[in-house]
Amino acid sequence: MPRWVLGCPECNQEFTHSEIDTEYRPTLLDAFAWIGDKPEIPDAGVSMECPNCKKVSIYFRYQLTYRAS
Ligand SMILES: [Zn+2]
């Protein structure tokens, strides 16, 4: 499933921020269409725990990366 990922600064592993529901987004074929469709993250960032190393870090919207699978 296509998803938005974040990179942990501690262990450099990517983890999923959110999955993209393709049922509501049938135009998935154009990956670049998603760039304007990033999930909202407050300007102050959001605190998330890395599922790999359990490090809690603040992430910003620009750090979201699209992954097609
Ligand atoms: Zn980590």
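Which residue in the turn of the β1 and β2 hairpin has a positive phi? Hold that thought for a moment, everyone, and thanks for coming. A quick word first: what you see above is a predicted model.

Let me start with the overall layout. The protein has five strands and zero helices, so the order of elements from the N terminus is simply β-β-β-β-β. Of its 69 residues, 4% count as buried. As for contacts with a separation of 6 or more, 51% of them come from residues 24 or more positions apart.

Now, back to the opening question. The residue is Asn12, with a positive phi of about 65°. Six residues lie between β1 and β2 in that hairpin. The two strands run antiparallel and are joined by five bridges. If you want a pair to click on, try Val5, which stands opposite Thr16 in β2.

β1 has a second partner as well. Three bridges join β1, residues 3-7, to β5, and these strands also run antiparallel. Find Val5 again: in β5 it stands opposite Thr65. Trp4, for its part, stands opposite Tyr66 in β5.

Put those pairings together and you get an open sheet of three strands, in the order β2-β1-β5, with antiparallel pairing. The edges are β2, residues 14-19, and β5, residues 65-67, each of which pairs on one side only. From one strand to the next, the twist averages 40°.

What about the side chains of β1? In a regular strand, side chains alternate between the two faces of the sheet. Here, Trp4 and Leu6 make up the covered face of β1, while Arg3, Val5 and Gly7 make up the uncovered one. So for those of you coloring by face, Val5 belongs with the uncovered set.

That leaves β3 and β4. Which way do they pair, parallel or antiparallel? The answer is antiparallel, over four bridges, with β3 covering residues 46-49 and β4 covering residues 56-59. One of the partnerships is Glu49 with Val56 in β4. This hairpin, too, has six residues between its strands, and there Lys54 takes a positive phi near 70°.

To recap the two turns for your backbone plots: look for Asn12 between β1 and β2, and for Lys54 between β3 and β4. Both have a positive phi. That's my tour, and I'm happy to rotate the model to any residue you'd like to see.

Terms used
Residues are numbered from 1 along each chain as its sequence is written. This is a predicted model: local features need pLDDT of at least 70, side-chain atom pairs count only at pLDDT 80 or more; totals for chains, interfaces and linings use all residues. Two strands pair if DSSP finds at least two bridges between them. Axes are lines fitted to C-alpha atoms, for helices over the stretch in contact, and angles run from 0 to 180 degrees between N-to-C directions. A residue is buried if 20 or more other C-beta atoms lie within 10 Å of its own, exposed if 12 or fewer, and partly exposed in between; C-beta atoms are placed from the backbone. Two residues are in contact if their C-beta atoms, placed from the backbone, lie within 7 Å.
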